[in-house]
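Let's take a walk through a protein model together, starting from a single residue and working outwards. Keep the 3D view open as you read.

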Amino acid sequence: MALIDLANPTRFLRLVDRVLPWLAAATVIVFAVGLVQAMNAPDDYQQGATVKIMFLHVPAAWLGMMGWTLMSAAALGTLVWRHPLADVAGKAAAPLGAAFTFICLVTGSLWGRPTWGTYWVWDARLTSMLVLLLLYLGVIALYWTAEDPNRGARAAAVMTLVGALNLPIIKFSVDWWNTLHQPASILRMGGSAIDSSILIPLLVMALAFTLLFFTLHLAAMRNEILRRRVRTMQLMQAQALQEASA
Amino acid sequence: MMGSLGPHADFIIASYAVTAFVVAAMVAWVVLDHSALKRVLGDLEQQGVTRRSWRKDGA
């Protein structure tokens, strides 16, 4: 199957039906391995057992940002190439990205209380992450409240591309400003600053969360295609009933 | 397990509980949405509605 064939929603649905069970199984297996490793990981010499929150917080943060990156690519597909699945991909990713951003914020807050002594500070990293959540909610509202789905899709695509400006702000906020949040310790020049006994479980959990994201995203895209089919059929039914009564 | 998680066990358990709840909610949303959409599609097809054409005999 050529890549261009996936532009056809029916072929895409067939592919999703084939891939989804394997992806779901891989997600469960990698999560099981990751959780066992996370529970058996040693305590941090400074933070103690609270380092276990990192195995949720960091992957959720990455996926919150990856969700918006994916939506930005989909927005380009909607506005520039008018790819039939681009808008479907963007709309399906928004609630998932919002959920992972929410997990990041809540677990970060729960990690911050014992580590920093506070649940929340208005520093640049935390605030830009909260802005990301609000942007997600704004895009979801645009998608779900627009009377004309095509206009809603274009408006959401524009908002997504504008909101993408927040991504480098999130990433570099800890370098540009003096923040309570620590600077990057995994993806940084000179390699990771984390010991492998903690880094490996973290990477396995990140893989598990990524598999979960793509499993749910494919399933949500399938639902969105079906929702559009339902809408088309209901419009045709209403039109036919109107013609019959005229 | 509470003991092995140290003095901040509540925060760790709360983090995992919130994450589990949100992940379960996402999975439930996708699964329930899919079954509801399939049901509506099935009902429409039973009424003779197709995406390509409207069969008047099924109206």
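Find A:L79, which sits in helix α2 of chain A, a helix that covers residues 54-81. Bear in mind that you are looking at a predicted model. Is A:L79 buried or exposed? The answer lies between the two: A:L79 is partly exposed, because 16 other C-beta atoms lie within 10 Å, while a buried residue needs 20 or more and an exposed one has 12 or fewer.

Which residues does A:L79 touch, once those up to four places away in sequence are set aside? They are A:R154 and A:A157. For a sense of scale, try A:L133 as well: 54 residues separate it from A:L79 in sequence, and the C-alpha to C-alpha distance is 23 Å.

Now turn to the largest nonpolar core, which has 65 residues. The members that touch the most other members are A:A60, A:A93, A:L96, A:F100, A:M205, A:F209 and A:L216. Several elements of chain A give two or more residues to this core, among them α2, α4 and α7, and α1 (9-46) of chain B does too. The largest share, 16 residues, comes from α3(A).

Pick out A:A93 from that list and look around it. Beyond its neighbours within four places in sequence, A:A93 is in contact with A:G67, A:L70, A:M71, A:A74 and A:H217.

Finally, look at where the two chains meet. Chain A brings 32 residues to the contact and chain B brings 24. On the chain B side, 17 of these residues are nonpolar, five are polar and two are charged.

Definitions and conventions. Residues numbered from 1 in each chain as written. Chains lettered and ligands numbered in written order. Predicted model: local features only at pLDDT ≥ 70, side-chain atom pairs only at ≥ 80, totals over all residues. Helix = DSSP H or I, 4+ residues; strand = E, 2+ residues; numbered from the N terminus. Contact = placed C-beta atoms within 7 Å. Nonpolar A, V, L, I, M, F, W, Y, C, P; charged D, E, K, R; others polar. Core = buried A, V, L, I, M, F, W, Y, C linked by C-beta atoms within 7 Å.
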